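I opened the notebook to record what I looked up in this structure, entry by entry. My plan was to begin with the ligand and then turn to the backbone.

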Amino acid sequence: MDLLEYQGKVLLAGAGVPASTGTVARTVEEVVAAADAHGYPAVVKAQVRVGGRGKAGGVKVVDDRAAAAAAGEAILGMDIKGHTVEAVLVEPACDIAAEYYASFTFDRAARLHLGLLSAQGGVDIEEVAHRDPQAVARIHVDPRDGLSAEAARDLVARAGLDGVAADGVAALVPVLYAAYVAADADLVEINPLVLTGAGDVVALDAKVTLDDNAAFRHPEWAEWRASEELDPRERRAREKGINYVGLDGTVGIIGNGAGLVMATLDVVSQAGGSAANFLDVGGGASAEVIAAALDVVAGDDKVGAILVNIFGGITRCDEVANGILRALAQTEIGPPIVVRLDGTNAEEGRAILAGHLSASLRSEPTMSDAARTAVALADGRDAR
Ligand code: GDP
Ligand code: MN
């Protein structure tokens, strides 16, 4: 889950990372009231889950009430890379002496955490890394060892910081790492991390991505989850506890096991089609889960056919077949369904379906046959 800037700052501040704080406003009146309360100059910042707000005109420093109103007017409702601005963050403007970049994320290849620090912040870090790789200092952190004060000082020195900035950033880096670990975050990125005129080091922006797999041990995330803008298909899937990712194509995909589902997407693509989604019913899926999955996939208007690809292991194909029939009996499933069953109890599963096969429920012996049929049906060509 991606947090909005203000949510990320609340999380970081709670973990001891110095971060600017302000007031969330959703109307021009609220923007003006918040700016009045904080005093001028103030800054008005679009709250959307994409970067580059500054460049898009979504961050404005305002010197008086009229400018605050104008900024609220301009930014609320603005479209930034397809995201509509519904709220802004109003903060006292910061007196910026220098802008840095700091982040922690995973390095999956190294199987370690990775910290990045650069003295060239406030700009696109990918661009900095491309132009001048030396300008981005890196540190791998083994979660078993943690990040020592010495390692932090070394990182800061390699990033080329010195003086009061070096002290302040060296003190902040271990706190930021601890915050990232405690939050079960996949990413914390501070750009810019600023040195103020008064010599303090403060997070002026925050991009935080939380690991959804850890949601079960973070009841405090509930409020943030409620504010997430999900694809309506993804929202429905989440309500049913289904592992679903929406895509743009026309063939609805249901499979068991992430690897098989990925392979199914490939086979559909090879057959000339395009997948409407990724949906993994997991291991040991019951008839109820299959019925719920069909309901979610069929609820996507772009889906012209549904491909159910099951390799029975713990999941039994007879259960899957029963789930399909149950779904068809309970609700109207619009698009035709093409089923490929193999593995545990595949024969029993096919026998269960046999009496119900029709133009809208087909069974195919192999994955590629099933993909070809589903693609043809989704294209409006009958497969036979
Ligand atoms: P992003 O463009 O989406 O990453 O948004 P940021 O929050 O990073 O803001 C973009 C830029 O706006 C920063 O790099 C700063 O240069 C500037 N900015 C943000 N807040 C302030 C502020 O309080 N005072 C001043 N002077 N500039 C600010
Ligand atoms: Mn930024």
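The entries below cover the domains, the ligand site and a few backbone details.

**Entry 1, the model and its domains.** I note at the outset that this is a predicted model. I looked up the domain assignment and found the protein divided into domain 1 (21–92), domain 2 (96–223) and domain 3 (232–378). I then looked up a distance between centres, and the C-alpha centres of domain 1 and domain 3 lie 45 Å apart.

**Entry 2, the shell around the ligand.** How many residues surround ligand 1? I find 17 residues around ligand 1, and the closest of them are K45, R53, G54, C94 and E99. Sorting the shell by residue class, I get 8 nonpolar, 5 polar and 4 charged residues. Domain 1 and domain 2 each provide at least three residues of this shell. Looking at the strands, I see that β2 (42–46), β3 (59–62), β7 (96–107) and β10 (185–196) each supply at least two residues of the shell.

**Entry 3, contacts and burial.** I looked up the contacts made with oxygen atoms of ligand 1, beginning with K45, which places a polar side-chain atom 2.6 Å from an oxygen atom of the ligand. For C94 the atom concerned is a backbone N or O atom, and I read 2.8 Å between that atom and an oxygen atom of ligand 1. N191 likewise has a backbone N or O atom 3.0 Å from an oxygen atom of ligand 1. Ligand 1 taken alone exposes 560 Å², and the protein buries 78% of that area. I also checked the pockets, and the largest pocket is the space taken by ligand 1.

**Entry 4, the backbone around β10.** Which residue does a cis peptide bond join to N191? The partner is P192, and omega of this bond is about 10°. I place P192 in strand β10, a strand that supplies at least two residues of the ligand shell. D184 lies in the loop between α6 (163–182) and β10, and I noted its phi near 55°, a positive value in a residue other than glycine.

**Entry 5, the backbone before β2.** I found that the peptide bond from Y40 to P41 is cis, with omega near -5°. P41 belongs to the loop between α2 (28–38) and β2, and β2 is one of the strands that supply at least two residues of the shell around ligand 1.

Key: Residues numbered from 1 in each chain as written. Chains lettered and ligands numbered in written order. Predicted model: local features only at pLDDT ≥ 70, side-chain atom pairs only at ≥ 80, totals over all residues. Heavy atoms only, no water. Near = heavy atom within 4 Å. Polar contact = N/O pair within 3.5 Å; in protein donor to acceptor, adjacent residues only side chain to side chain. Areas by Shrake-Rupley, 256 points an atom, 1.4 Å probe, with all protein chains shown as cover. 1 Å grid on protein atoms, 1.4 Å probe; cavity = no way out; pocket = protein on both sides within 12 Å on 5 of 7 lines; lining within 4 Å. Sits in = over half its atoms within 2 Å of the grid points. Helix = DSSP H or I, 4+ residues; strand = E, 2+ residues; numbered from the N terminus. Nonpolar A, V, L, I, M, F, W, Y, C, P; charged D, E, K, R; others polar. Domains from an automatic or database assignment.
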